Amino acid sequence: MNERRVASGCQQFRDMRVGRRAALQVGFCGALGLSLGDLLRGEARALAQGHANEGRPQEGPAKSIIHLHLPGGMAQQESWDPKPEAPVEYRGPFQVAKTKSGEVFSENFGRTARVADKLTIVRSVVGKIPDHSQATFHLFTGYTPSTVIEYPQMGAVVSQHFGPRRGLPPYVAIPNNLAYSGGTGYLSSKYGAFQLGADPGGQGPFKVQDFSIPQGVSAQQFDRRRSARNTIEGHLRRLHADADKQNTMDDFYGRAYSLLTSPEAQRAFSLEGESEAMLDLYGQHYILKARREPAGIGKRLLLARRLVEAGVRFVTVNYGAWDSHTGLKDDCLDKMPALDHAVAGLLTDLDDRGLLDSTLVMVTTEFGRTPKMNNANGRDHWARVYSMLLAGGGVTRGQVYGASDATSAEPARDAVKLEDFLFTVYHQLGINADDELLAFGTRPIEIIRDGKLVKGIVA
Amino acid sequence: MRIAASIAVLLCGAWPALAGPMVHHIEAVWPRCGSRGTTVEVTLHGVSLEQAREIIFYRPGIRAIELEDLPPYERPISLHHSGRIEEQVRCKFVIAADCPIGEHPFRLRTATELTGLSMFAVTKFPTVDEAEARRGDNDLLAKAKPVPMNVTARGKMDSDRMPDVDLYRVSGKSGEHLSVEVDSVWLTEKHYAELEFDLMVRLLDDRGRELARNDDSALHVQDPIVSAILPRDGDYIVEVRQPIYRTGSFVYYAAHIGNHRRPLAVYPAGGQPGQTLSATLLGDPAGELPLKIGLPPTLGDFAYEGDMPSTLPMRVSAYPNVLEVRESEETSVASLPAALNGIIESPGDADVFQLSAKKGERYRVRVFARSLGTPLDPRIWIERVGGDSPEVEGDDATYPDRGLYAVGPQLQRKELLDPSVVWQAQHSGTYRLGISDMRSLGGPTFVYRIEIEPASDAVFTYPYSRVIDNVECPRLTSFAIAQGNRWTVNIGLSEGQGNQYRGELEMIARGLPPGVRMIAPRVPAGYKTIPVQFVASADARPQVALFEVLARPVDPAQKLISGSQQAFPFLGHSGGHAWRSVVVDRYALAVTEPAPFSIEVVPPAIPLALNGELTLDVIIMRRPGFHAPVEFQADWVPNGVDVQPTVTAEAGQNKAQYRLSAGAAAKPGKWKIALEATTTGGSYYLGVGRIRVSSAFVDVTIAEPYLALKNHPASIRRGQRGQVIWDVDHKKPLAGETEAVLLGLPKGVSVVEPAPRLKAGDKQLVFNIVASDDVLLGQYKELKCEIVVREAGQEIRQRTGTGILRVDPPLASKPQEAKR
């Protein structure tokens with residue numbers, strides 16, 4: 001049978017999930033059509049186009065970024081901005097957990113509250129559109145969708161700006177690029193995310209597709225396949241005048257194959273060698289009751305840490321479905337313990353390794369949720385004020401920046417437009433988001449339009 | 001049909017069940033239809049079907065017997081939006097020889113629940129199953145399944161992996177009709193689906209040459225209907241397929257294949273009760289057929305069957321017909337009320353009726369065309385002869401305008417295309433009523449009927465439920481009352497078109513089973529929902545019955561039309577755009593076997609103050625052996641009152657509390673409130689798999705607040721002490737000392753203990769505060785004060801005032817004198 005497996009959430013969010021699944025179905029080469037060979041080829045071309053000659057752009061305090069996105073719109077009231085003093089219909093079903101400095105998080109984030117001295121919560125983010133697809137695009141690109149221009153994701157901009165480091169792809173998506181989050185936009189597709197196409201936190205064995213000889217194909221067969229490709233490409237070389245290009249192409253596939261057996265890459269793209277204690281630090285045993293599968297967020301974030309440690313510049317991780325129009329309490333109880341554990345574990349681990357100051361951790365969601373509970377024990381979409389988490393990469397430690405009003409309906413203090421939030425993240429990476437990139441037709445477009453640095457967020 | 005094979009396929013494709021919101025009781029009924037005068041073995045598939053006791057049908061003609069729980073599925077089947085098939089019940093449907101053909105809504109009563117609505121269909125023809133044992137068995141001309149004439153083929157589109165074509169071979173004679181109609185959208189009981197249910201039919205000769213085809217029709221919308229006169233004796237092929245390939249499972253259909261005439265409209269499309277109507281059947285390939293139709297004695301919709309496998313919609317009205325005079329430009333209407341009948345026979349035509357009215361007379365003018373299944377998309381206008389512009393115009397209507405009070409706005413029904421307007425004559429004199437097609441189309445079956453009758457006061461009831469996709473939500477609308485317990489349902493009230501009654505209403509029930517009574521608070525003017533409680537006595541026999549809830553004016557001298565309605569979508573899409581909806585005019589109420597618990601709310605001895613909170617004490621009375629958690633909440637509160645989310649009394653817990661809050665706009669007075677409680681298994685959102693009870697109503701009084709506070713804007717410097725002062729305006733005398741809590745202070749500013757206490761006569765409330773050295777500078781505008789009053793052993797929390805506190809930097813040194 002082919003009944004579609006669709007989880008809860010509003011119609012639009014369900015449709016988004018279908019989109020994401022569709023991307024998975026077409027495999028690793030899905031949304032962007034990129035394989036590792038394509039990526040490496042793109043990177044080398046970027047170098048040839050100038051980066052190598054001009055020297056690397058100056059990096060900011062954040063050398064890498066781990067972007068954890070919570071699709072669907074996580075409730076700020078049940079996470080970073082509880083309202084224990086609000087009237088009953090606004091307050092929500094949870095108590096609070098206190099941080100060392102006397103701030104309160106929702107009790108769902110007790111572990112994160114204990115490491116609150118490492119992070120900044122921005123409680124006054126202001127989005128534009130309480131619509132999943134448009135808000136997701138806005139968050140990932142800095143722009144609302146346009147029929148005229150396709151804007152690139154932040155990861156693609158970082159990839160274009162800095163290029164690869166230590167031979168690893170600069171931009172990696174765990175497990176895959178999120179539907180409606182855009183792509184490389186007007187930038188070349190070579191700057192797109194390298195999608196794992198596999199979930200390190202899933203039920204089966206974890207294998208990144210390009211790094212694994214396909215199951216059922218023996219090493220000998222694989223070599224034959226490689227030979228076949230060489231033959232075809234050789235033929236193309238003979239047919240086409242641009243022999244250099246073809247040679248380069250061959251080189252990229254060669255590099256991809258070498259990565260296949262490169263111990264460094266194998267290590268970075270796997271969880272091999274991690275101790276039980278480390279897995280426990282990130283929380284490895286949570287099961288999502290609603291889906292009857294492992295939460296997986298701990299292993300995703302652990303892999304993200306390994307990737308940035310190895311040289312990847314930008315890692316996106318997504319987790320859960322947070323569109324809690326109904327049964328918010330059960331949704332939170334199901335998904336938040338693993339999230340809390342993994343985020344606290346990641347920050348602790350990065351700090352212990354001395355990586356936190358050079359790694360910016362960003363926990364986002366496309367919008368928040370309505371101040372008042374609805375009659376189905378849920379909250380609906382709300383973009384007028386919500387919360388995000390930042391840590392490391394030169395972001396102030398131990399701070400709550402901005403505030404929402406008594407019912408989390410509007411910003412009460414230090415409102416942070418989403419563009420300003422993203423501008424500040426770019427700033428920490430060493431990218432001036434006022435700079436313009438060239439779209440095709442030589443049209444210059446600002447990385448972020450009308451954004452400004454939020455000085456209160458950075459140390 | 002390949003039910004067994006289908007199940008196997010489903011099982012192979014199953015995945016672990018997901019808990020989610022859209023869990024319905026009955027997800028599949030196999031077979032989908034049966035013949036009059038036969039007994040059919042039927043299985044129901046879904047969740048929470050165990051301990052099946054009884055099935056109730058909304059229409060006469062079918063009895064369900066020999067209900068039997070079958071073993072549950074070893075591997076549940078997951079469907080769209082978390083729907084599941086886990087259990088199955090087998091039974092027999094005994095279909096009477098005079099059972100009405102068409103759809104028969106029904107529900108199953110189990111030991112503890114009354115399921116959501118599901119559907120079964122009755123055909124006048126004998127049935128034969130497609131029985132495509134292997135894919136492709138009947139996909140080619142040579143393999144077409146032979147069937148007799150006048151049969152209903154129960155088939156299935158096996159289109160889950162590749163397109164399917166089902167061919168049937170039937171023998172006919174020269175000059176004979178071959179009429180085929182396929183029920184697919186109309187037949188389904190599936191809750192969510194896509195376009196896979198859109199089928200088409202072709203009639204072919206034995207060499208595959210097409211005689212006729214149909215995809216959609218005005219009469220049956222997405223379901224095809226076609227008829228042809230056969231050119232010679234021989235075999236003919238009926239082909240059923242999807243016009244556009246779309247994957248999908250459970251795509252069952254019934255193809256009615258016969259040699260009957262197949263008219264598409266009847267003219268006139270109605271008459272008076274008991275009348276023998278001279279009418280003409282239109283749209284058959286053999287031409288028009290005059291005949292006499294005996295109309296029933298009851299007013300409203302009437303389905304004319306004739307020798308067809310599906311009916312033609314007609315109307316029965318209390319007033320006489322006026323038929324369009326074709327030869328005349330205008331047809332005179334002798335008097336109102338009247339039913340005007342005509343046909344827009346050719347493109348661009350407009351029919352005009354001349355009628356008289358007196359200034360101030362109010363009429364409801366309701367057009368029936370698309371509602372009757374004719375192709376006309378009508379628009380009407382009424383203008384005074386000699387007037388400048390129409391007094392009223394009508395094109396599309398709303399569902400309430402069409403009398404479909406319970407149908408959600410996103411459901412798709414053809415009735416919306418027919419106008420229905422209230423016309424109040426602005427002058428005394430002669431008027432023209434015109435009707436035409438919006439698209440300037442016309443044809444021989446473009447029949448219309450316009451019923452003009454005095455506008456009446458009318459208020460209708462429906463079970464109030466606003467959930468995703470407009471689906472039936474047993475959590476809110478199921479009338480399942482545990483023996484010796486009670487349950488509360490919010491009843492929605494919808495005004496009929498033209499209603500002018502605005503007074504208080506009381507609710508009455510008709511048809512409740514023995515041992516069940518209804519308690520309904522009086523409905524204040526303007527209220528659109530009201531909680532209605534049903535109480536089953538301890539000796540009420542477990543049973544299920546159909547009943548109505550009606551509204552009537554408190555003043556018996558006032559006249560009001562009322563009725564009950566409930567609507568159910570099928571073939572839904574996310575967002576509630578269902579292809580098909582079923583409307584019933586009675587509710588089903590079941591007395592179920594005793595629940596393992598009941599709840600009681602302790603009547604509050606104190607009022608709920610405006611801007612205040614009130615905590616209700618809840619007692620859970622558990623039967624021996626029942627220790628599971630119980631959830632409870634208030635599903636109805638008066639306007640301006642809010643509630644906390646669902647509260648769970650954990651396993652073994654017998655006492656709990658529940659908070660209400662009143663805003664400033666709540667209306668003071670005494671209100672009846674009940675709490676609804678459920679077990680925690682099954683599905684929360686729709687409530688399938690849960691046992692529900694409610695508390696008795698308790699009176700909650702909403703009262704003026706004790707006091708109002710006015711803030712003196714305050715400031716404080718970092719590292720220093722200060723005060724926040726409120727002026728007190730006493731509204732009611734306080735008994736004793738009262739706690740006061742200052743809310744909204746920024747982090748780093750705190751109240752110096754002891755906090756002040758307030759008593760009768762105090763003019764000011766002063767909080768001493770202290771600021772830390774690192775409190776954020778700025779202005780904080782959301783200071784509030786909460787007063788905690790203890791009265792009669794209970795606690796009233798009242799919030800009042802809005803204050804401002806500014807945090808300033810510390811003074812570095814003595815301030816300089818201002819320069820002159």
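In what sense do strand S3 and strand S8 of chain B pair, and over how many bridges? In this predicted model, S3 (residues 39-46) and S8 (residues 87-95) run antiparallel to each other, and their pairing takes in 8 bridges. One spot to look at is B:Thr43, whose bridge partner in S8(B) is B:Arg90.

That pair sits inside an open sheet of 4 strands in chain B, laid out in the order S1-S3-S8-S5 with antiparallel pairing. Strand S1 (26-30) and strand S5 (62-70) take the edges, each pairing on one side only. From one strand to its neighbour the sheet turns by 25 degrees on average, ignoring direction.

Zooming out, chain B has 66 strands and just 2 helices. Its C-alpha trace spans about 115 × 75 × 65 Å along the principal axes. Of its 820 residues, 49% count as buried. As for contacts in chain B with a separation of 6 or more, 71% come from residues 24 or more positions apart.

Over in chain A, helix H11 (residues 297-310) is worth a look. With 14 residues, H11(A) reaches 20 Å from first C-alpha to last, close to the 20 Å expected at 1.5 Å a residue. The helix is mostly covered, with 12 of its 14 residues buried. Among the buried ones are A:Leu301, A:Leu302 and A:Leu303, along with charged-name entries such as A:Lys299, A:Arg300, A:Arg305 and A:Arg306. Just past the end of H11(A), A:Gly311 adopts a positive phi of about 135 degrees.

Methods: Residues numbered from 1 in each chain as written. Chains lettered and ligands numbered in written order. Predicted model: local features only at pLDDT ≥ 70, side-chain atom pairs only at ≥ 80, totals over all residues. Pairing = 2+ DSSP bridges. Axes fitted to C-alpha atoms, helices over the stretch in contact; angles between N-to-C directions. Expected span 1.5 Å × (residues − 1). Buried ≥ 20, exposed ≤ 12 C-beta atoms within 10 Å, placed from the backbone. Contact = placed C-beta atoms within 7 Å.
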